[in-house]
Amino acid sequence: MPAFASLGLSAELTRAVAEQGYSQPTPIQAQAIPVILAGHDVLAGAQTGTGKTAGFTLPLLQRLMNAPAAPGQRRVRALILTPTRELAAQVEESVRIYGQHLPIASTLIYGGVNIKPQIDALRRGVDLLVATPGRLLDHARQKTVSLADVEILVLDEADRMLDMGFIHDIRRVLALLPARRQNLLFSATFSNDIRQLADGLLHAPVHIEVARRNAESELVAQRVHPVDAWRKRDLLAHLVATDDWRQVLVFTRMKSGANRLSEYLCKAGIEATAIHGNKSQPARTRALAGFKAGTVRVLVATDIAARGLDIEELPHVVNFELPNVPEDYVHRIGRTGRAGSSGEAISLVSQEENSLLAAIEKLLGKRIERRIVDGFEPGLASPPTVETQKTVPGPRQGNRRDGSGPNATARARGQSVATARPNPPPATSRTAPQTASASPRPSGRARGTEATAPLPAVFLAPVRRGG
Ligand code: AMP
């Protein structure tokens, strides 16, 4: 695989790429970048997780820089259309990241939000616009945007745009563009409708096809373990230990959460390291080397930190917290089950995250199996309080799943309980009902108590000191 620098990108762009920690272009990038730089139309078969966004964003920025706009004369010269606002936001963020050393102005346009700030941004002058079709047409009707100077058009996830019924909007947008322009069409699938759209849009396109990278591959077994937020870390430690996971990439949303979780796992005798933007490059490199070599069993990362990590084909990826953006779920689990090896993507989902889970399932177009782990039933036990911390239930203590046990009354009163259950069942997994059971629990305490809850007995030894 060629290096980024040999693909024809400027020093500013290769620097931005290096700052993301990317060492090698992905296959789609290696193929698409030179072709786009040469000015060809492209028909690319690539899905989320392949690195396609950088595959078109980098050469697009380069082409804009090859003929920069005169100061004070910015016009929309590149237009990227996406099916959803989430994808639009992600793509525009990529534009900002890769274009951070370039004098290029981009903005984001999508519906469902106040149009006024978008009008203001357009008025200030924009070189590159990322938009969803409907709101873009609203602007065109109000004459708050001109598309008469567009030199490059990208249709990202064109198949999803058609699935979502945007074909007429797309055609209306195309009618507003100058006839002479470069067109790039990215799609994960090629239905007849896509081919028809491509035939009418692209001129002598170069076809690029890269293998599926991720997720929706049958090789990745996806599973949700419904669990109370405050018990997630115990459940994670339990799964790592009982299922004897050797190499697990765990995603958290926040850096602080990544740190706390890795410290907790270390105290439970599981070698873990957090990797995130606040860590120095040598520290990140060390953590990654340890993970690859098997001395670090669990690598805890935030989405941003994981972006540049050169690790894939992992046996286990765990979503300790679901991402806010459903596409990130696909990126995350795309790290496992690649190139013929099978993998497991496991999400620990608390009741508060059910709407995020629903959005992910909508994106995937399928339901993910729920499985409650015995002893970790949602609502089974109350979060520990200061008084009960010393006797907080481990995985096998607490109340009955139906909420009718002896603790239910105490919970209803908002009290903490720490009642041991005699003769607990073995800790095995089983399929859960349709939705996570959700007994009431006192709210607002889960996170606050997370850092101080003692370990479940099963993990008290061996303990690595000072970890
Ligand atoms: P995409 O398919 O564009 O949604 O990108 C998937 C993920 O791959 C994103 O998190 C990117 O930040 C990351 N990525 C893009 N290019 C590279 C690269 N050359 N090396 C490593 N990661 C990359």
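User: Why does lysine 143 count as exposed?

Analyst: This is a predicted model, and the call comes from a neighbour count. Lysine 143 has 7 C-beta neighbours inside 10 Å, and the cut-off for exposed is 12 or fewer, so lysine 143 counts as exposed. As for where to look, lysine 143 is in the loop between α6 (133–142) and β5 (152–155).

User: What makes the phi of lysine 143 worth a remark?

Analyst: Its sign. Most residues other than glycine have a negative phi. Lysine 143 isn't a glycine, yet its phi is positive, near 60 degrees.

User: Which residue that follows α10 has a positive phi?

Analyst: Aspartate 244, with a phi near 55 degrees. It's not a glycine either, and its place is in the loop between α10 and β9.

User: Why is aspartate 244 called exposed?

Analyst: Run the same kind of check. There are 8 C-beta neighbours inside 10 Å of aspartate 244; exposed needs 12 or fewer, so the label applies.

User: And how do you know whether leucine 265 is buried or exposed?

Analyst: Buried, because its count is 26 C-beta neighbours inside 10 Å and the threshold is 20 or more. Leucine 265 belongs to helix α11 (residues 255–267). Beyond its neighbours within four places in sequence, it's in contact with Ala237, Ile270, Ala272 and Val298.

User: What is the C-alpha to C-alpha distance between leucine 265 and aspartate 234?

Analyst: 8.8 Å, although 31 residues separate leucine 265 and aspartate 234 in sequence. Aspartate 234 is one of the buried residues of α10, as is Ala237, a contact of leucine 265.

User: What makes helix α10 "mostly covered"?

Analyst: Of the 11 residues in α10 (residues 232–242), 9 are buried. Charged types are in there too: the buried set includes Lys232, Arg233 and Asp234, along with Leu235, Leu236 and His238. For the whole protein, buried residues come to 44% of 467.

User: Which way do the residues of strand β9 point?

Analyst: Val248 and Val250 point one way, Leu249 and Phe251 the other, and all are buried. That fits the usual pattern: in a regular strand the side chains alternate between the two faces of the sheet.

User: How do you know which strands β9 pairs with?

Analyst: Count the bridges. Pairing takes at least two of them. β9 has 4 bridges to β11 (residues 298–301) and 4 to β12 (residues 316–319). Both therefore clear the bar, and both pairings are parallel. For specific partners, valine 248 bridges to valine 298 in β11, and valine 250 bridges to valine 318 in β12.

User: Why do β3 and β7 stand at the edges of their sheet?

Analyst: The sheet is open, with 7 strands in the order β3-β4-β2-β5-β6-β1-β7 and parallel pairing. β3 (106–109) and β7 (206–209) each have a single partner strand, so one side of each has no neighbour in the sheet. From one strand to the next, the twist averages 15 degrees. Inside that order, β1 (residues 42–45) and β6 (residues 182–187) are joined by 4 bridges, and glycine 45 has serine 187 as its bridge partner.

User: What makes α2 and α3 "roughly parallel"?

Analyst: Their axes cross at roughly 25 degrees, and anything under 35 degrees counts as roughly parallel, so the label follows. The axes come within 8 Å, and the crossing is right-handed. Residues making the contact include Ile28, Ala32 and Ile36 of α2 and Phe56, Leu58 and Leu60 of α3.

User: Which residues touch the most other members in the largest nonpolar core?

Analyst: Ala44, Leu79, Ala131 and Val154, out of 59 residues in that core. Helix α3 (residues 52–66) supplies the largest share, 6 residues. A separate core has 46 residues, among them Val240, Val250, Ala287 and Phe291.

User: What does alanine 44 touch?

Analyst: Leaving out residues up to four places away in sequence, alanine 44 touches Ile28, Ala32, Lys52, Leu185, Phe186 and Ile208. Ile28, Ala32 and Lys52 also take part in the contact between α2 and α3.

Terms used. Residues numbered from 1 in each chain as written. Predicted model: local features only at pLDDT ≥ 70, side-chain atom pairs only at ≥ 80, totals over all residues. Helix = DSSP H or I, 4+ residues; strand = E, 2+ residues; numbered from the N terminus. Contact = placed C-beta atoms within 7 Å. Pairing = 2+ DSSP bridges. Core = buried A, V, L, I, M, F, W, Y, C linked by C-beta atoms within 7 Å. Axes fitted to C-alpha atoms, helices over the stretch in contact; angles between N-to-C directions. Parallel < 35°, antiparallel > 145°, perpendicular 65-115°, else oblique. Left-handed = near helix turned anticlockwise from the far one by under 90°.
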